[in-house]
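Here are some short exercises to work through with the structure open beside you. Try each task before reading its solution.

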Amino acid sequence: MDLRDVDLGLVEDKIERMIRETYNKYLLTDAGTSRLALVLPSVMPHPLLSAVLSTLFGRWRFPSITLLPSATMAATAAGVRSALVVDIGWAETVVTGVYEYREISIKRSTRAMKWLLQETGRRLSRLASNAGESDQISVDFEFCEEVVSRFVWCSPYSNADHKALTDEEGTPLLQKTVSIPSPSKHNSNYIDVAFSTFSEPVEKVLLADGVAECELDDEEIPLPLLVYNALLDLPPDARGTCMSRVIFVGEAPSEQAEGYKTAHPWRST
């Protein structure tokens, strides 16, 4: 990060205003009376870090300030000291092995929400234009994002789990049909779409269903294999602890995260 043209004094003023607004508007407590934990990236310029800490220590009296990376904070918030944190972000998915509050293994893949939204947009565009395998995206980003957050889900791996999936009325999800606004005229018309089709983007993008492992680049490893490789990189003691503590965070809806756990069987080590 290039800080040569950054006014650190202005940064300090913005940090102070943000802290004051957070305490006065949301927490409704006095600033500086309790311990503070900051979630920061592992690589951060020293001048910027110094500006943050000098502002907090100089203008308030925090007893202590703890600096934690996002994966460690996710494990801490879950009440555990060790875990495998799967962060499904916008541009990439990061799997981090945390053992006793320390990051000891990090794996990355470009299979994330950006790719998923693009694939969903292509499928919605085909519904709108009745095109075959067109890769053009003609739907709005907001509409595509709404469909992903409301309908896209991850199908379980086994047939028994498929049969157990039912809605509130007892109808199997694989036979269910949902009505969504038309991708071409979503302000007026509605179309009926099989609910099972909304699991296909997840299976193609995040799970790489139907793609041989030898055809994948190192940067586009599917999530189950990414988690598996991250566990293999851990020492035996840490691996045994993290296998039962897999935490999903990021931009993926909770329905997708629940499906990832049963989408692929864990391979034994």
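A residue counts as buried when its relative accessible area is under 20%, as exposed when it is over 50%, and as partly exposed in between. Keep in mind that this is a predicted model.

**Exercise 1. An alternating strand**

Task: work out which side chains of strand 1 (residues 36-39) are buried, and find the bridge partner of Ala37 in strand 2.

Solution. Start with the faces: Leu36 and Leu38 point to one face of strand 1, and both are buried. Next, turn to the other face, where Ala37 and Val39 point and are not buried. Then look at the pairing: strand 1 runs parallel to strand 2 (residues 65-68), with four bridges between them. Finally, Ala37 has Thr66 as its bridge partner in strand 2.

**Exercise 2. The four-stranded sheet**

Task: give the strand order of the open sheet of four strands and say which strands stand at its edges.

Solution. Reading across the sheet, the order is 5-4-3-8, and the pairing is mixed. Strand 5 (102-109) and strand 8 (246-250) each have a single partner strand, so one side of each has no neighbour in the sheet, and these two are the edges. On average, neighbouring strands are turned by 20° against each other, direction ignored. To finish, add the helix: helix 8 (residues 223-233) lies across strand 3 (83-88), strand 4 and strand 5, and runs at about 150° to strand 5.

**Exercise 3. A hairpin and its loop**

Task: describe how strand 4 and strand 5 pair, then examine phi for Glu100 and Tyr101.

Solution. Strand 4 (residues 93-99) and strand 5 are antiparallel, joined over seven bridges. Two pairs help you find the register: Thr93 is opposite Ser109, and Val95 is opposite Lys107. The hairpin has two residues between its strands. Glu100 is in this loop, and its phi is positive, about 55°, although Glu100 is not a glycine. Tyr101 lies in the loop as well, with a positive phi near 65°, and is likewise a residue other than glycine. For accessibility, Glu100 comes to 33% and Tyr101 to 38%. Both values fall between the 20% and 50% cut-offs, so Glu100 is partly exposed, and so is Tyr101.

**Exercise 4. Two packed helices**

Task: classify the crossing of helix 4 (residues 113-129) and helix 5 (residues 141-150), and list the residues that meet.

Solution. Two packed helices are described by the angle and the distance between their axes. Here the axes come within 9 Å and cross at roughly 105°. Angles of 65 to 115 degrees count as roughly perpendicular, so helix 4 and helix 5 belong in that class. From helix 4, the contact takes in Met113, Leu116, Leu117, Thr120, Gly121 and Leu124. Facing them from helix 5 are Phe141, Phe143, Cys144, Glu145, Val147 and Val148. Sorted by class, the contact has nine nonpolar, two polar and one charged residues.

**Exercise 5. Cysteines**

Task: count the disulfides in the whole structure and decide whether Cys154 and Cys214 are buried or exposed.

Solution. A disulfide is a covalent bond between the sulfur atoms of two cysteines. The search of the whole structure finds zero of them. Cys154 has a relative accessible area of 4%, which means that Cys154 is buried. For Cys214 the value is 72%, so Cys214 is exposed.

Note on methods:
Residues numbered from 1 in each chain as written. Predicted model: local features only at pLDDT ≥ 70, side-chain atom pairs only at ≥ 80, totals over all residues. Heavy atoms only, no water. Axes fitted to C-alpha atoms, helices over the stretch in contact; angles between N-to-C directions. Parallel < 35°, antiparallel > 145°, perpendicular 65-115°, else oblique. Contact = heavy atoms within 4.5 Å. Nonpolar A, V, L, I, M, F, W, Y, C, P; charged D, E, K, R; others polar. Pairing = 2+ DSSP bridges. Disulfide = S-S within 2.5 Å. Buried < 20%, exposed > 50% of the residue type's maximum accessible area, 1.4 Å probe, protein only.
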